[in-house]
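The report below describes one protein chain, moving from single residues to the overall fold. A table of burial values is included part way through.

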Amino acid sequence: MTLKKQWQLHPTLAKDCHVLGRTASVELLLHSNAALHWFILVPHTSVVDLFDLDLNERDALFAEAQRLSDHLKQRLNYPRVNVGALGLVVPQLHLHVVGRREDDPCWPAPVWGNLKTGDTYSSEQIEHVRGELDALGCFKA
């Protein structure tokens, strides 16, 4: 009998992010740099490439990304949302969902590799973001 390896968050993601919540299939993270809203969705899978997910898993991941995009645009007033699954530094499959506006610190460059270290979230700010997302009814803390 082979034991299935239990899913766990990659140590780099755990170090660089705050865990905000989860669904049955996805972990929701907030990047620790508070210069802009940078969410990361990590599916509970051993698959490492986005298009290797089965269709149901991919649809579930994209549905969560759509909820975050709607939240970023409608509630946080970001005119643009960047989405990316790079996976070069952290091999665990994860999807970045980042609110962008012309006055953000990286504009118009991508946030990856261009966002200087700086502002971090206070525990109160993290709880506020978590509460906003709890109101969406999809992520459980």
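In this predicted model, N77 lies in the loop between helix 2 (55–74) and strand 4. The phi angle of N77 is near 60°, a positive value in a residue other than glycine. N77 counts as exposed, because its relative accessibility is 55% and the cut-off for that class is over 50%.

A second backbone feature is found at P108, which is placed in the loop between strand 5 and helix 3. The peptide bond that joins W107 and P108 is cis, with omega about 0°.

**Ring interactions**

A pair of aromatic rings is described by the distance of the centres and the angle of the planes. The structure holds one aromatic pair. The partners are W38 and W112, with 6.3 Å centre to centre and 80° between the planes. The arrangement of W38 and W112 is edge-to-face, because planes over 60 degrees apart fall in that class. W38 belongs to strand 3 (residues 38–43), while W112 belongs to the loop between strand 5 (95–100) and helix 3 (123–134), so the pair ties together parts that are 74 residues apart in sequence. The two partners differ in burial class: W38 is buried at 6% relative accessibility, whereas W112 is partly exposed at 25%.

A charge also sits over a ring: the charged end of R101 is placed over the ring of Y78, at 3.8 Å from the ring centre.

**Buried residues and their contacts**

The table lists burial for several residues.

| Residue | Relative accessibility | Class |
|---|---|---|
| V97 | 0% | buried |
| L133 | 2% | buried |
| W38 | 6% | buried |
| Q92 | 12% | buried |
| H31 | 17% | buried |
| W112 | 25% | partly exposed |
| N77 | 55% | exposed |

V97 is located in strand 5. Which residues does V97 contact, leaving aside its neighbours within four places in sequence? The contacts of V97 are H37, W38, F39, L41, A65, L68, S69, L72, V81 and N82. Among them is W38, which is also a member of the aromatic pair. The C-alpha atoms of V97 and Q8 are separated by 21 Å, and these two residues are 89 positions apart along the chain.

L133 is part of helix 3. Apart from neighbours within four places in sequence, L133 is in contact with L20, L28, F39, L68, H71 and C138. F39 and L68 are in this set, and both are also in contact with V97. L133 and L29 are 104 residues apart along the chain, with a C-alpha separation of 11 Å.

H31 is in strand 2 (residues 26–31). With a relative accessible area of 17%, H31 is buried, because the class takes in values under 20%. The side chain of H31 reaches the backbone nitrogen of N33 at 3.1 Å. Beyond neighbours within four places in sequence, H31 is in contact with D16, C17, W38, I40 and Y121. W38 is therefore in contact with H31, and is itself buried at 6%.

Q92 is located in the loop between strand 4 (80–84) and strand 5. Although it is in a loop, Q92 counts as buried, with 12% relative accessibility. Not counting residues up to four places away in sequence, Q92 touches W7, Q8, L9, H10, L13 and V42.

**Whole chain**

How many helices and strands are there in the protein? There are three helices and five strands. Along the sequence they follow the pattern α-β-β-β-α-β-β-α. The radius of gyration is 15 Å, close to the 14 Å that the globule rule gives for 141 residues, so the protein is as compact as a globular protein of that length.

Taken along the principal axes, the C-alpha atoms fill a box of roughly 55 × 30 × 30 Å. Buried residues account for 40% of the 141 residues. Of the contacts with a separation of 6 or more, 57% are between residues 24 or more positions apart. The exposed area is about 8,400 Å², and carbon and sulfur atoms supply 52% of this area.

Terms used. Residues are numbered from 1 along each chain as its sequence is written. This is a predicted model: local features need pLDDT of at least 70, side-chain atom pairs count only at pLDDT 80 or more; totals for chains, interfaces and linings use all residues. Side-chain values use heavy atoms; hydrogens and water are left out. Rings of Phe, Tyr and Trp (its six-membered ring) pair if their centres lie within 6.5 Å; planes under 30 degrees apart count as stacked, over 60 as edge-to-face and the rest as tilted. Helices (H or I, at least four residues) and strands (E, at least two) are DSSP runs, numbered from the N terminus. Buried means under 20% relative accessible area, exposed over 50%, partly exposed in between (1.4 Å probe, protein chains only). A charge sits over a ring if NZ of Lys or CZ of Arg is within 6 Å of the ring centre and within 35 degrees of the ring normal. Contact means heavy atoms within 4.5 Å. The radius of gyration is taken over C-alpha atoms; the globule rule is 2.2 Å times the number of residues to the power 0.38. Accessible areas come from the Shrake-Rupley method with a 1.4 Å probe; for residues, only the protein chains shown count as cover. A polar contact is a pair of N or O atoms within 3.5 Å; within protein, one must be able to donate a hydrogen and the other to accept it, and residues adjacent in sequence count only if both atoms are side-chain atoms.
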